[in-house]
Structure formats: structure tokens, C-alpha cells
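Q: Please take a close look at one helix of this model, and then place that helix in the context of the sheet and of a second helix.

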Amino acid sequence: MKDYHTHHPNTAGGSICAVTRADWERVAAVPGMTPAFGVHPWHAHEVQDPADFAFELDDWLYRHPSAEVGETGLDASDKWQHTLEAQRLLLHLHLGAAFRHDRLVHLHCVRCHAELLGILKERARCNTLPRVLLHAWNGSHEMAREFLALGAIFSVGLRELSHSRAEERYARIPEGKIFPESDDAPENWARTLALFRLMRGGLNLR
Ligand SMILES: [Zn+2]
């Protein structure tokens with residue numbers, strides 16, 4: 001089973017996501033992994049020229065035909081709420097590039113599930129919605145069903161799988177729609193995979 005969302009090399013393979021623009025060269029050079037190019041919502045406000053960013057992302061996706069997009073998303077936690085305007089603009093630029101190049105987008109979402117759902121629904125209505133993965137998914141099952149209806153997939157790490165509400169959040173998500181991730185804790189990968197297999201019943205997880 002590959003690592004569906006990480007920022008560190010993993011010998012299991014998987015998707016390695018950039019956090020800032022300075023990361024793109026690094027993730028593109030990791031052997032055996034799929035790079036994702038983007039700017040994390042925590043750094044969205046640091047992007048000086050969004051148009052320049054959009055042209056550059058477009059160029060990198062042309063040059064890396066199997067690359068994905070991200071990490072992007074929305075974070076309305078106390079620490080990052082004041083940068084939401086910048087986050088929204090960057091999110092739209094990532095989603096647009098991913099749709100144009102038909103790539104998967106890695107989405108981060110903290111205290112913004114309803115807004116993110118609205119954005120994706122609007123894109124679905126306009127036929128401009130790319131494939132999306134919601135990483136570190138911790139929304140309710142009702143919310144998960146709304147995202148599933150848009151074709152979304154999910155990834156979860158040890159923190160999410162260890163939560164007291166993990167069973168109600170993850171057990172009812174269909175096979176093939178939820179996957180393990182190590183995110184920023186590569187040392188947790190083996191335990192994450194083991195717990196994921198135990199919770200999901202071990203079907204088709206080789
Ligand atoms: Zn991440």
C-alpha cells in the first residue's frame with residue numbers, strides 16, 4: 001500500500017507534496033514517488049505574485065506529466081484565519097491548473113468543510129472540477145457523503161485513525177475511497193498502515 005499524502009520520502013512509494021514553491025525541485029527529484037506541486041495554505045499569503053505562481057505551476061505540470069497538485073486548501077484555525085483571502089485565491093489557482101492538466105489535487109481543510117464543499121460543488125456545476133483528495137480527513141460521515149458525491153477520495157494518518165470518533169468517521173467510507181497517509185510523521189508509517197488495515201478489515205490492501 002502506498003503513502004497517499006506525505007512531505008517526506010517513503011520507500012513504500014506514493015505522493016510527496018510540496019509545502020512551498022522552494023520545495024518543487026526537491027519533491028520532483030524523489031525516486032519512486034509521485035511529486036505534487038503547490039503551496040500549502042499556511043504559506044499562501046507569502047506568494048507575492050499569484051499570476052506568476054499560476055504560470056509557473058502550469059509550466060511545471062506540462063514538464064511533469066504524472067505529477068499531482070498540492071498541497072492546497074483552506075485553514076480557518078485561529079492562527080491562519082487572517083490569511084483566508086490569500087488561501088482562497090491560491091486554492092482556485094491550484095484547482096484550475098489541476099483541472100486543465102487532469103491531475104489529482106491534495107486538499108487541506110481545517111474548519112472550512114462547508115466552504116470547501118461549496119467551492120467544489122460550484123466547480124462541478126461548471127464542469128471544472130478536478131479529481132480531489134481530502135487529506136487528514138476528520139469530517140462527519142454526512143460531510144464525507146457530500147464530498148464522495150463529487151468524486152473525492154480521502155486519506156487519514158495515525159492521528160485521525162486514533163481519534164475516539166474514527167470508527168464512525170471512516171468505517172462507512174466505501175473501499176477504494178479512503179487510504180493511509182503519513183503526512184509529516186514518516187516515523188508513524190508502519191503503525192498507520194497496521195491500524196488502517198485493522199480498521200478497514202484488511203481487504204485489498206496489499
Ligand atoms: Zn500535508
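A: Helices (H or I, at least four residues) and strands (E, at least two) are taken as DSSP runs and numbered from the N terminus. The expected span of a helix is 1.5 Å times one less than its number of residues. The model is predicted: local features need pLDDT of at least 70, side-chain atom pairs count only at pLDDT 80 or more, and totals for chains, interfaces and linings use all residues. Residues are numbered from 1 along each chain as its sequence is written.

Helix α8 comprises the twelve residues 189–200, and its first and last C-alpha atoms are 16 Å apart, close to the 16 Å expected at 1.5 Å a residue. Its buried residues are Trp189, Thr192 and Phe196; a residue is buried if 20 or more other C-beta atoms, placed from the backbone, lie within 10 Å of its own, exposed if 12 or fewer, and partly exposed in between. These buried residues cover an arc of only 60° around the axis, which puts them on the same side of α8; the arc is that of the directions from the helix axis to the C-beta atoms. An α-helix has 3.6 residues a turn, so residues three or four places apart point the same way. The face turned away from the buried side of α8 carries the exposed residues Ala190 and Leu198. The packing partners of the buried residues are β1 (3–6), α6 (158–161) and β8 (178–180), where contact requires C-beta atoms, placed from the backbone, within 7 Å. Just after α8, glycine 201 adopts a positive phi of about 95°.

Two of these partners, β1 and β8, belong to an open sheet of eight strands in the order β1-β2-β3-β4-β5-β6-β7-β8, with parallel pairing; two strands pair if DSSP finds at least two bridges between them. Both β1 and β8 stand at the edges with a single partner strand each, so one side of each is left without a neighbour in the sheet.

Helix α4 (residues 113–125) offers a second case, with 13 residues and a reach of 18 Å from first to last C-alpha, close to the 18 Å expected. Here His113, Leu116 and Leu120 are buried. Seen down the axis of α4, the buried residues fall within an arc of 70°, so they line one face of the helix. They pack against β4 (68–75), β5 (104–110), β6 (131–135) and α5 (141–148). On the face of α4 turned away from the buried side are the exposed residues Ala114, Gly118, Glu122 and Arg125.

Note on methods: Two residues are in contact if their C-beta atoms, placed from the backbone, lie within 7 Å.
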